[in-house]
Amino acid sequence: MTMNEYQTPAMQQLETAFTFQSVSGKNSGFLASTRGQDFAFGSYPCGAPELLFIHAAGHISYTVPVSYTLAPTSYLIVMLTVRGNAVLRCPNGDISLARHDFLLFPPGFTLQFATGETPFSYYLCFVSGVLAEQYLPPLLAESPFLHQQLSPASDIALSLFPSMAPLLRAPDTDTALHVNAVFHTILSDAAYSASAKARAQKLPPHVRTVRQIYEQDYKNPHSLDALSAETGVSKYKLCRDFSASLGISPLQYLNRVRIEEAKRLLASSNDTVHEIGSLVGIDNTNHFIRLFKKSTGITPLQFRQISAERRPGLP
């Protein structure tokens, strides 16, 4: 059965909602834009759980500049940019999108979008259900839609998007449960990041300053005396307030930042373990390996191997 012979409700709604235009000036519908792409539509059997229902999801690439308008739909929309850049036109100003930008739009949102640099590729998902709606209050507390820049170390979210279309192509109850679990994890990861950002804005100014120093200059040591001079707060108050606000000591936080950067380098480079330890400010390789294993439960080399196995489909 071809797409033209049978259309799901999602196909019909999205075909009506999207208005595409390519650089050639030719308009096309949404279904035509997904042909030949790694994109699929959900068609679960009767009785499949619908607390969180994935109607359509997959990876789409444009080789020429494209713009489109998406009229309001009944779906929650999730996007993850993986290559190129684009512009999202909003009432309060344009937003530039680049690699690993994660966006979530509530049902009823009108979207105007235009590619910049091509080829441009991204993951696009359309979701509904009671469980999905429960995530909206924390995700949209600060803005009508969510816009996050995912860290390359966000292994969970980044590794799950390539699995969406293949799962939707196997429409059985077990697969429906798997798809729901995958997307539940993606939304949970986004909600945690949004919550962490909101908490960071409420930190005391001297704690925020130290966090910023650690996150921007993790390669170098930072003595408490130097941090005290930088913030104008005694080192005793600094340590006390930092631990009370974030639940860990300043040194533990610095090491956490270093390990997160090490994870990114292990997953994206061919540098040796010793080189990566030095790049994140831990010159003693044995000490670096101990800290890494204490934080992740595995060694740096094991992490590199697992990363390579889990992310083969992400451009």
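This passage describes the sheets, helices and selected residues of a predicted model.

The model contains an open sheet of six strands, arranged in the order S2-S3-S10-S5-S8-S11 with antiparallel pairing. Strand S2 (38-41) and strand S11 (146-149) stand at its edges. Each of these two strands has a single partner, so one side of each is left without a neighbour in the sheet. From one strand to the next, the twist averages 15°. Helix H1 (residues 9-17) packs on this sheet and touches S2, S3 and strand S10 (120-128). The direction of helix H1 makes about 120° with that of S2.

Within the six-stranded sheet, strand S5 (residues 76-83) and strand S8 (residues 101-105) are joined in the antiparallel sense over four bridges. Leucine 80 has phenylalanine 102, in S8, as its bridge partner. Strand S8 also pairs with S11, again in the antiparallel sense and over four bridges. In this pairing, leucine 103 stands opposite histidine 147 of S11. In a regular strand, side chains alternate between the two faces of the sheet. Strand S11 has a covered face, formed by Leu146 and Gln148, and an uncovered face, formed by His147 and Gln149.

A further open sheet is formed by five strands in the order S1-S4-S9-S6-S7, and its pairing is antiparallel. Its edge strands are S1 (18-22) and S7 (93-97), each of which pairs on one side only. The twist in this five-stranded sheet averages 15° from one strand to the next. Strand S1 and strand S4 (residues 66-70) are paired in the antiparallel sense over five bridges, and phenylalanine 18 stands opposite leucine 70 in S4. Helix H1 lies across S1 and S4 and runs at about 55° to S1. Helix H1 therefore has a place in the description of both sheets, since it packs on the six-stranded sheet and lies across two strands of the five-stranded one.

Aromatic rings were examined next. The count comes to 27 aromatic pairs. In one of these, the ring centres of phenylalanine 105 and phenylalanine 109 are 5.0 Å apart and the planes stand at 45°. The pair is classed as tilted because this angle falls neither under 30 degrees, as for stacked rings, nor over 60, as for edge-to-face rings. Both phenylalanine 105 and phenylalanine 109 are buried. Ring pairs also link a cluster made up of Phe18, Phe20, Phe30, Phe39, Phe41, Tyr62, Tyr68, Tyr75, Phe113, Phe120, Tyr122 and Phe126.

Histidine 55 lies in strand S3 (residues 53-62). Its relative accessible area is 15%, and histidine 55 is therefore buried, the limit being under 20%. The side chain of histidine 55 is joined to that of serine 128 by a polar contact of 2.6 Å. When residues up to four places away in sequence are not counted, histidine 55 touches Ala10, Ala40, Phe41, Gly42, Tyr75, Phe126, Val127 and Ser128.

Two loops show particular backbone features. In the loop between S7 and S8, histidine 100 has a positive phi of about 70° although this residue is not a glycine. Histidine 100 counts as buried, because its relative accessibility of 3% is under 20%. In the loop between strand S9 (111-115) and S10 lies proline 119. The peptide bond leading from threonine 118 to proline 119 is cis, with omega near 5°.

Helix H11 (residues 250-268) has 19 residues. At 1.5 Å a residue, helix H11 should span 27 Å, because the expected span is 1.5 Å times one less than the number of residues. The end C-alpha atoms of helix H11 are 27 Å apart, which agrees with this expectation. Buried residues of helix H11 include Pro250, Tyr253, Leu254, Asn255, Val257 and Arg258. Also buried in this helix are Ile259, Glu261, Ala262, Lys263, Leu265 and Leu266.

Arginine 264 is likewise found in helix H11. With 26% relative accessibility, arginine 264 counts as partly exposed, because this value lies between the limits of 20% and 50%. The side chain of arginine 264 makes a polar contact of 2.7 Å with the side chain of glutamate 261, a residue that is buried. Arginine 264 and arginine 304 are 40 residues apart in sequence, and their C-alpha atoms are 9.5 Å apart in space.

Terms used
Residues numbered from 1 in each chain as written. Predicted model: local features only at pLDDT ≥ 70, side-chain atom pairs only at ≥ 80, totals over all residues. Heavy atoms only, no water. Buried < 20%, exposed > 50% of the residue type's maximum accessible area, 1.4 Å probe, protein only. Phe/Tyr/Trp six-rings, centres within 6.5 Å; stacked < 30°, edge-to-face > 60°. Polar contact = N/O pair within 3.5 Å; in protein donor to acceptor, adjacent residues only side chain to side chain. Contact = heavy atoms within 4.5 Å. Pairing = 2+ DSSP bridges. Axes fitted to C-alpha atoms, helices over the stretch in contact; angles between N-to-C directions.
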